[in-house]
Amino acid sequence: MPKFMFTARYTPAGLHGTITEGFAAREQYIRSLIEDLGGTVEAFYWAYGETDTLLIVDAPAPVAMAFAMVVSSREDALEIITTPLLTAAEMEESRALLPQFRSPGD
């Protein structure tokens, strides 16, 4: 199943809500949301700095995008970045498909 990394940064309002709700409760809610969509959470970490949370999720692409869209639609809470994760075998498969490319002016 495809893997995705989600990194998120809370807004002040989103962080306030998470502090009020509790970090463990918020994590359980996010895990449940992803599982209800048909995905699984491989890893969930809280952090500080530029990233407040980092998740590694196994999910079909439409499930991952549905999660990202519903979270992103609440811009008052956090900003999320979705990154597809690829194995070496998947990169090799893509490498085998590389077309010939001509740079402009060549």
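Okay, let's start with a definition: a residue is buried if its relative accessible area is under 20%, exposed if that area is over 50%, and partly exposed in between. Try it on leucine 15, which sits in helix H1. Its relative accessible area is 37%, so leucine 15 is partly exposed. Now take threonine 18, also found in helix H1. Threonine 18 has 2% relative accessibility, so it counts as buried.

Before I go on, please keep in mind that this is a predicted model. How confident is the predictor, going by the mean pLDDT of the protein chain? That mean is 92, and 100% of the residues reach 70 or more. Among the elements of the chain, S2 has the highest mean pLDDT, at 97, and helix H3, residues 61–72, has the lowest, at 88.

Right, on to the aromatic rings. How many aromatic pairs does a search of the whole structure find? The search finds 4. Let me walk you through two of them.

Here's one: tyrosine 10 with tryptophan 46. The ring centres are 6.3 Å apart and the planes are at 15°, so this pair is stacked. The cut-off you need here is that planes under 30 degrees apart count as stacked. Where do these two residues come from? Tyrosine 10 is in strand S1, residues 3–10, while tryptophan 46 is in strand S2, residues 40–46, so the pair ties together parts that are 36 residues apart in sequence. Are they buried or partly exposed? Tyrosine 10 has a relative accessible area of 14%, so it is buried. Tryptophan 46 comes out at 29%, so that residue is partly exposed.

Tryptophan 46 also pairs with phenylalanine 44. Those ring centres are 5.4 Å apart with the planes at 55°, so we call this pair tilted. Phenylalanine 44 is buried, with a relative accessible area of 9%. Put the ring pairs together and you get a cluster that links Tyr10, Phe23, Phe44 and Trp46.

While we're on these residues, here are some distances you can check on the screen. Phenylalanine 44 and leucine 15 are 29 residues apart in sequence, and their C-alpha atoms are 17 Å apart in space. For tyrosine 10 and alanine 68, 58 residues apart along the chain, the C-alpha separation is 14 Å. And threonine 18, our buried one from earlier, is 24 Å from aspartate 58, C-alpha to C-alpha, with their positions 40 residues apart in sequence.

Next up, the nonpolar core. The largest one has 18 residues, and Phe6, Ile34, Leu55, Val57 and Phe67 make the most contacts inside it. Which elements supply at least two residues each? They are S1, H2, S2, strand S3 (53–58), H3 and strand S4 (78–85). H3 gives the most to this core, with 5 residues.

Now let's talk about empty space. Rolling a probe the size of a water molecule over the atoms shows where such space is left. For this model, the count is 1 cavity of 30 Å³ or more. About 120 Å³ of space lies in the largest cavity. It is lined by 14 residues, and the closest to its centre are Ala8, Ile30, Thr53, Leu55 and Leu78. You may recognise Leu55 from the core, where it is among the residues with the most contacts.

Which elements give two or more residues to that lining? S1, H2, S2, S3, H3 and S4 do. The largest share, 4 residues, comes from S1. By class, the cavity lining divides into 11 nonpolar, 2 polar and 1 charged.

Last stop, the pockets. The largest pocket has a volume of about 310 Å³. Of the 15 residues lining this pocket, Arg26, Tyr29, Arg74, Ala77 and Leu78 are the closest to its centre. Leu78 should sound familiar, as we met this residue in the list for the largest cavity. Helix H1 (12–21), helix H2 (23–37) and H3 each supply at least two residues of the pocket lining. What is the lining made of, by class? It has 8 nonpolar, 3 polar and 4 charged residues.

So that's the tour: rings, core, cavity and pocket. If you want to start exploring by yourself, go to tyrosine 10 in strand S1, and then look for its stacked partner, tryptophan 46. Thanks, everyone!

Notes
Residues numbered from 1 in each chain as written. Predicted model: local features only at pLDDT ≥ 70, side-chain atom pairs only at ≥ 80, totals over all residues. Heavy atoms only, no water. Phe/Tyr/Trp six-rings, centres within 6.5 Å; stacked < 30°, edge-to-face > 60°. Buried < 20%, exposed > 50% of the residue type's maximum accessible area, 1.4 Å probe, protein only. pLDDT = per-residue confidence, 0-100. 1 Å grid on protein atoms, 1.4 Å probe; cavity = no way out; pocket = protein on both sides within 12 Å on 5 of 7 lines; lining within 4 Å. Points joined across faces, edges and corners; volume = space filled by probe spheres on them. Nonpolar A, V, L, I, M, F, W, Y, C, P; charged D, E, K, R; others polar. Core = buried A, V, L, I, M, F, W, Y, C linked by side-chain atoms within 4.5 Å.
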